[in-house]
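Here's a quick tour of one protein model, starting with its sheet and ending with a few backbone oddities. Have a look at the structure first.

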Amino acid sequence: MPYTSPMAPSCNQNQNHSQNGHQFPQEVVVVVVPFPVQGHLNQLLHFSGIISSYNIPVHYITTTTHTHQVNFRVHGFKSTNNIQFHKFSTPIFNSPTPNNKLNSSIKFPSHLQTCSQISTNLRNPVAKILRSLSHKTRRIVIIHDSLMGSVVQDYRAIPNAEAYTFHSVSAFTLFLYVWENIGRPFAIDRDIIKDLPSIEGCFTPEFSKFVRSEHEYSKFNSGKIYNTSRVVEGPFLDLLSKEQINKGKKQWALGPFNPITISGPTQQRHKSLTWLDKQVPRSVIFVSFGTTTSFSYEQIKEIAIGLEQSQQKFIWVLRDADKEDVFSKDFTKKIQLPKGFEERVKERGIVVRDWAPQLEILAHTSTGGFLSHCGWNSCMESISMGVPLAAWPMHSDQPRNTVLITKILKVGIVIKDWARRDELITSDGIEKVVSILMASQEGEEMRKRAQELSFGVKKAVGENGVTKNEFDSFIAHITRAI
């Protein structure tokens, strides 16, 4: 699918100007450094596409493997012609299989913790690129994932460089994380923290330590960028802007980064989209748990039976969690389903075992619900396409994203409460929630609210919309004369 930017540039923001008589080949260059995990890679690639639409050169830096991964999986747009990819070799680490977490009380994908080691190896190459670019441009703008602060730290020795921290999680989740960590310095609405799930079990101790160490580098940045919209999270962006939290730094809510409209295909469509073409509007539930989740056979069997019993139409993406190298030969292991399942449901459901174009599926008029792990990437895509969610959080920010989606925005229903994270969810429970979301008045009201929120998001990225104006403000800031 070709890329349709949520917001078109209002003018050429990168005209060449002289500074003290010196003429630069480029006025401003943006360097993007993502954390090498799919949800982070994808968000920052979409963001890079929008920045490049303002006629600003973008350099996207990661490993060769992860460059291949994010381009292979990109959906919603295919043109990355204005983005220069810098690809570096991936050091060899012992990366355990995703299935080692199946019986653990902490489902965080610790097999991907090697990404923090991979990131460390990027520091010197990144510094070399920054120094090279510093002689060719008036200003280098580094936009780095919040988990890559240590990698870009050498920019501080470059006079014409400045850095902005990109946060890949919701404003709601990030605010609560910071607010709690600095001792709850001011009161907030008690309803927000009522029945708030604990972060216990969300991360391994090792990864929590890594996150804290990386966040220390944010004190040196020039501002913060969020993949969210004021239409979705205005109150929590206001809380993040408070002096006790933000320390007076600039912040911009520039999401959604994913395209909000999907144009016609330029290549062969995925089989799931062809199947959706034959279904009636809002009749299909999309079932996908992201790239970091693996289930036991027992849980897969319960999901299968629950979907079958619900009598609802579905697309189920059934694949193992990502390994560090998604192209390794042992990655495509076939996951077993109950005997005869696919034959019995073939008239109303399909199982997809390869990479699925999630954004296009959510944008399709036949999709009416999303059974999801509630990763923020998936939440933003679902909200922007007006599709309500059945929330099944697994780890990381997902339990608190679930609160935002179901209790605050009211565009979803909980299928597995975080307090029951170690329990097997039975087919009866799955059938009940799927039926509520897809075939009840309660579900229809969620769908209506989701569509209203989607309309607000689309209006916000349009001409004179709040997000469009905020994006223009960000571009004006990084291309300022002084």
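## A sheet and some unusual loop residues

Keep in mind that this is a predicted model.

Let's start with the sheet. Seven strands make up an open sheet, running in the order 5-4-3-6-7-8-9, and the pairing is parallel. At the edges sit strand 5 (83-88) and strand 9, each of which pairs on one side only. On average, neighbouring strands of this sheet are turned by 25 degrees against each other, ignoring direction. As general background, the strands of a sheet pair through backbone hydrogen bonds, in either a parallel or an antiparallel way.

Zooming in on one edge, strand 5 pairs with strand 4 (residues 58-63) in the parallel sense, and six bridges link the two. If you want a spot to click on, V58 has I83 in strand 5 as its bridge partner. Packed on the sheet is helix 4 (residues 123-134), which touches strand 3 (26-33), strand 4, strand 5 and strand 6 (137-145). The direction of helix 4 makes about 155 degrees with that of strand 6.

Now for the loops. Which residues have a positive phi without being glycine? R184 is one of them, with a phi of about 50 degrees, and Q311 also has a positive value, near 65 degrees. Here is where they sit:

| Residue | Loop location | Relative accessible area |
|---|---|---|
| R184 | between helix 5 (171-181) and helix 6 (190-193) | 44%, partly exposed |
| Q311 | between helix 11 (297-310) and strand 11 (313-317) | 56%, exposed |

Q311 counts as exposed because its relative accessible area of 56% is over the 50% cut-off. R184, at 44%, is partly exposed.

Another backbone feature turns up after strand 9. The peptide bond from G255 to P256 is cis, with omega near 0 degrees. P256 belongs to the loop between strand 9 (250-253) and helix 10 (271-276).

G255 also shows up around T228. Is T228 buried or exposed? T228 is buried, because its relative accessibility is 0%, and the cut-off for buried is under 20%. T228 lies in the loop between strand 8 (223-226) and helix 8 (230-240). Setting aside neighbours within four places in sequence, T228 is in contact with A171, E233, L237, A253, L254, G255, W376 and M380. So one of the contacts of T228 is G255, the residue that starts the cis peptide bond to P256.

Definitions and conventions: Residues are numbered from 1 along each chain as its sequence is written. This is a predicted model: local features need pLDDT of at least 70, side-chain atom pairs count only at pLDDT 80 or more; totals for chains, interfaces and linings use all residues. Side-chain values use heavy atoms; hydrogens and water are left out. Helices (H or I, at least four residues) and strands (E, at least two) are DSSP runs, numbered from the N terminus. Buried means under 20% relative accessible area, exposed over 50%, partly exposed in between (1.4 Å probe, protein chains only). Contact means heavy atoms within 4.5 Å. Two strands pair if DSSP finds at least two bridges between them. Axes are lines fitted to C-alpha atoms, for helices over the stretch in contact, and angles run from 0 to 180 degrees between N-to-C directions.
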